[in-house]
Amino acid sequence: MRVEHEDNAKAMGRQAGRNMAGAEEPYRQLPFFYSDLFDLGYEAVGELDSRLQTVEDWTEENRKGVVYYLGGGRVRGVLLWNVWEQVDAARRLIAEPGPFQPGDLAGRLPEKEQP
Ligand SMILES: Cc1cc2nc3c(=O)[nH]c(=O)nc-3n(C[C@H](O)[C@H](O)[C@H](O)COP(=O)(O)OP(=O)(O)OC[C@H]3O[C@@H](n4cnc5c(N)ncnc54)[C@H](O)[C@@H]3O)c2cc1C
């Protein structure tokens, strides 16, 4: 899988260096990228493939919300659209085995702060 984004460039470089120094560790980094478009910004975690089923959960239509990408009963990717500090929570959700139905996902992110 070819990933042309900053996070991958850093993580893969670090891992390649470790393995050249003898670590012999697998590369398990889940792809992540971000960008800003004028006053909108997003962070994208995992596999954002338009062939997957998408579940949109907007707080504010097309301006703030989360889009989940579903495949084989699992969350394969998460688009955080003007929703911040949820990348690790998205990674945890993608790691969950499920199975997930579209109706299970509304309100899953952003994760509520722990009391
Ligand atoms: C306009 C633009 C916007 C982007 N925006 C985003 C973004 O919003 N979010 C995001 O996640 N990613 C973004 N990216 C992608 C991200 O910048 C790249 O994926 C990342 O920089 C790749 O890093 P790299 O180290 O693999 O390659 P590079 O940064 O391309 O580094 C390769 C280096 O190798 C050098 N080099 C090449 N050939 C040789 C040679 N024969 N000998 C010696 N040196 C050589 C080059 O000069 C270069 O310095 C953007 C890219 C562009 C171009």
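**Cis prolines, exposed loops and a ligand shell**

Modeller: P99 sits in the segment after α2 (87-95), where helices (H or I, at least four residues) and strands (E, at least two) are DSSP runs numbered from the N terminus. The model is predicted: local features need pLDDT of at least 70, side-chain atom pairs count only at pLDDT 80 or more, and totals for chains, interfaces and linings use all residues. Residues are numbered from 1 along each chain as its sequence is written.

Biologist: What makes the peptide bond from G98 to P99 cis?

Modeller: Its omega is near 0°. L109 and P110 are also joined by a cis peptide bond, with omega about 0°, and P110 too is in the segment after α2.

Biologist: Why is E24 called exposed?

Modeller: Exposed means 12 or fewer other C-beta atoms within 10 Å of the residue's own, buried 20 or more, partly exposed in between, with C-beta atoms placed from the backbone. E24 has 7 C-beta neighbours inside 10 Å, so E24 counts as exposed. E24 lies in the loop between α1 and β1, with a positive phi near 55°.

Biologist: Why does E85 count as exposed or buried?

Modeller: E85 has 11 other C-beta atoms within 10 Å, so E85 is exposed. E85 is in the loop between β5 (74-81) and α2, and its phi is near 60°.

Biologist: Which residues are around the ligand?

Modeller: Those with a C-beta atom, placed from the backbone, within 6 Å of it: E4, H5, E6, D7, A9, F33, Y34 and S35. α1 (6-20) and β1 (32-37) each give two or more.

Biologist: Why does the ligand shell lie between the domains?

Modeller: Domain 1 (1-29) and domain 2 (31-104) both give residues to the shell, so it lies between them. The bounds come from an automatic or database domain assignment.
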